[in-house]
Amino acid sequence: MVKLNDTFYKMADIHQNEDVMVRFGIPFEKVMHYIEMLCNVAAVSLCPQETLNHLVLTFSMMYAKGKLERPELLQLINAGCNPLINISQITGKSITELADIMRYEEISFAMVEKALEHVTSKDGRFYGRTMKRYF
């Protein structure tokens, strides 16, 4: 696990995002794991702190709903992370198939969580990005 105080993120902002997640009902013991993953995704952005705030809110709303819906998908894509691509890689289903599945509210939060873990784990697209950012 990365020590987020050793990164370019401000700890006050990290704590604020933790609070957002807890208010949406995410168990505190999962919050830091989610924050770390989202920090890695946001790190590739030109404005990583703003992107992190956006990702945390979207991720938390998804958690509260228990599923991925179109508005959250568009917000995630806008923040640089398309979970359908990652779910496609895991399941072998096409993005078109997954979009149809999403219309019927069958893409669960757990599927998105697994896709995020996939892209932020070793050999994933966003692995270790928090520590690799250079200016």
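**Entry 1: Y63 and its partner**

I started with Y63 in this predicted model. How exposed is Y63? Its relative accessible area is 24%, so I noted Y63 as partly exposed, since buried would need a value under 20%.

Next I looked up F109, which comes out at 8% relative accessibility and therefore counts as buried. I then checked F59 as well, and both F59 and F109 are buried.

Y63 and F109 form an aromatic pair, with 5.1 Å centre to centre and 90 degrees between the planes, which makes the pair edge-to-face. I traced where the two rings come from: Y63 sits in helix α3 and F109 in helix α7, 46 residues apart, and the pair links distant parts of the chain.

**Entry 2: the other aromatic rings**

How many aromatic pairs does the whole structure hold? My search turned up four. One of them joins F59 and F109, again edge-to-face, at 5.0 Å between the centres and with 65 degrees between the planes. F59 belongs to helix α3 (residues 48-65) and F109 to helix α7 (residues 109-120), so this pair ties together parts that are 50 residues apart in sequence.

Which residues make up the aromatic cluster? I wrote down Y34, F59, Y63 and F109, which form one cluster.

**Entry 3: the cavity**

I went looking for enclosed space and found one cavity of 30 Å³ or more. The largest cavity holds about 60 Å³. Its lining is made of L38, L55, F59, L76, C81, P83, N86, V112 and L116. F59 was already in my notes as a member of the aromatic cluster, and here it turns up in the cavity lining. I also asked which elements give two or more residues to this lining. They are α3, α5 and α7.

**Entry 4: N82**

I moved on to N82, in the loop between α4 (70-78) and α5 (83-91). Is N82 buried or exposed? Its relative accessibility is 19%, so N82 counts as buried; the cut-off is under 20%.

I looked at what surrounds this side chain. A polar atom of the N82 side chain lies 2.9 Å from the backbone nitrogen of L84. Leaving out neighbours within four places in sequence, I found N82 in contact with L73 and I77.

**Entry 5: I90**

My next stop was I90, in helix α5. With 32% relative accessibility, I90 counts as partly exposed. What does I90 touch, apart from residues up to four places away in sequence? I listed K114, A115 and H118. I also took a C-alpha distance here: I90 and M111 are 21 residues apart along the chain, and their C-alpha atoms are separated by 9.4 Å.

**Entry 6: stepping back**

To finish, I looked up the totals. The protein has eight helices and zero strands, so to speak a run of α-α-α-α-α-α-α-α from the N terminus on. Of its 135 residues, 45% are buried.

How much of the contact count comes from residues 24 or more positions apart? Among contacts with a separation of 6 or more, they account for 62%. I closed the page with the surface: the protein exposes about 7500 Å², and carbon and sulfur atoms supply 54% of that area.

Methods:
Residues numbered from 1 in each chain as written. Predicted model: local features only at pLDDT ≥ 70, side-chain atom pairs only at ≥ 80, totals over all residues. Heavy atoms only, no water. Phe/Tyr/Trp six-rings, centres within 6.5 Å; stacked < 30°, edge-to-face > 60°. Helix = DSSP H or I, 4+ residues; strand = E, 2+ residues; numbered from the N terminus. Buried < 20%, exposed > 50% of the residue type's maximum accessible area, 1.4 Å probe, protein only. Polar contact = N/O pair within 3.5 Å; in protein donor to acceptor, adjacent residues only side chain to side chain. Contact = heavy atoms within 4.5 Å. Areas by Shrake-Rupley, 256 points an atom, 1.4 Å probe, with all protein chains shown as cover. 1 Å grid on protein atoms, 1.4 Å probe; cavity = no way out; pocket = protein on both sides within 12 Å on 5 of 7 lines; lining within 4 Å. Points joined across faces, edges and corners; volume = space filled by probe spheres on them.
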